[in-house]
Number of protein chains: 2
Amino acid sequence: MKLSTRGKYGLYAMIFLAQHHGEGPQSLKAIAEVGTPESYLEQLLGSLRRADLVKTVRGAQGGYQLSRPPEDITARDILEAMEGPFSLSDCVGEGDSPCARKENCPARSVWEFLTDKFNGLLDSITLADMIHQNLNQTT
Amino acid sequence: MKLSTRGKYGLYAMIFLAQHHGEGPQSLKAIAEVGTPESYLEQLLGSLRRADLVKTVRGAQGGYQLSRPPEDITARDILEAMEGPFSLSDCVGEGDSPCARKENCPARSVWEFLTDKFNGLLDSITLADMIHQNLNQTT
DNA sequence: CGGAAACCCGACAAAATCGGTCGGGATTCA
DNA sequence: TGAATCCCGACCGATTTTGTCGGGTTTCCG
């Protein structure tokens, strides 16, 4: 029950970009310094771009930068972009749940409850919070 | 970012056992009625037994039953038994995090924050809550 | 006592996912 | 024009997931 390296590397990258926000585009190479295989990271940044979290400038002197200020990007934005929507069981969320006992399934409400709460948690953390180290311990 | 079928099936099984708590041992076959491949479920129940969540009675008329009342078993107990401890990144939790930047890593505190909160959430739900459909929506 | 009804356990395996690598293309700056 | 970049898709080995299977053990019941 853990998330993959995509989420981890993606968050690293976004934190790096937040720390250098406003300093112009950051090259892949620079971002990878944080400790991510460069060619892999490239793919991940592709996902972040398609999720509209980063903008890119192509060509020499190009690179990546946040497409919104750090206060407007949440942990959920990032993690969902990297790992797909967080849903504990396939019987909740998108798509017609293949679960026959749709209503009246005690497990189902557990999944719903948990996904809800967890998403709320993720929504409550912004990139700005992260780089300023102020995670509200009492939420 | 979802959990595996182990967690799902495991929870189904435990809910079933909770619903029949006090009625004597329930056979594998009966539990599998909930919709789980029988031979797979057998393995999963093994994990639950080793985690001390269910007791078994061997031999004819044997079966599985909760080893504690439903109020004393939490979602976390079950999910951890099935999927191992919940930790978002390998750099938090047991073992010497292979993450060099141990302290002073903004990502790390995010993982810690989230794992903490989520574990708390899981702890707050008991089997009894599940079968009585009273998940506290305002926690 | 002798089945039959259960649980127990380890080996095996197909399929999916993960964690990348690689090569070639397209853009842009100097 | 050439170097610095990003872009994209194909590929690949390792691991994990999701089971199946076969045989063993324990216990009840007639």
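Tutor: A polar contact is a pair of N or O atoms within 3.5 Å; within protein, one must be able to donate a hydrogen and the other to accept it, and residues adjacent in sequence count only if both atoms are side-chain atoms. The model is predicted, so local features need pLDDT of at least 70 and side-chain atom pairs pLDDT 80 or more, while totals for chains, interfaces and linings use all residues. Residues are numbered from 1 along each chain, chains are lettered from A and ligands numbered from 1 as written, and side-chain values use heavy atoms, without hydrogens and water.

Student: What makes Tyr9(A) a polar contact of DNA strand C?

Tutor: A polar side-chain atom of Tyr9(A) lies 3.3 Å from a phosphate oxygen of the strand. That is within 3.5 Å, so the pair counts. For Thr5(A) the distance to a phosphate oxygen of DNA strand C is 3.0 Å, and for the side chain of Arg49(B) it is 2.8 Å. Elements (DSSP runs: helices, H or I, of at least four residues; strands, E, of at least two; numbered from the N terminus) giving two or more residues to this surface are α1 (5–19) and α3 (38–50) of chain A, with α3 (38–50), β1 (54–57) and β2 (63–66) of chain B.

Student: Which residues come nearest to DNA strand C?

Tutor: Gln43(A), Leu28(B), Glu42(B), Arg49(B) and Thr56(B), out of 25 around the strand, where a residue is near if one of its heavy atoms lies within 4 Å. Sugar and phosphate make up 67% of the strand atoms within 4 Å of the protein.

Student: How do you know that Glu42(A) makes a polar contact with DNA strand D?

Tutor: An N or O atom in the side chain of Glu42(A) is 2.9 Å from a base nitrogen of DNA strand D. This is within the limit, so the pair qualifies. A backbone N or O atom of Ala60(B) also qualifies, at 3.3 Å from a base oxygen.

Student: How many residues of chain B are in contact with chain A?

Tutor: 42 residues of chain B meet 42 of chain A, with heavy atoms within 4.5 Å. Between them the chains bury about 4000 Å² (accessible area, 1.4 Å probe, lost on being put together, summed over both), with 70% on carbon and sulfur atoms. Met1(B), Trp111(B) and Phe113(B) supply 20% of what chain B buries there, more than any other three residues.

Student: How many salt bridges does the rule find across this interface?

Tutor: The rule (a side-chain nitrogen of Lys or Arg within 4 Å of a carboxyl oxygen of Asp or Glu) finds 0. It does find 4 residue pairs in polar contact, both residues at pLDDT 80 or more.

Methods. Buried area = accessible area lost by both parts, 1.4 Å probe.
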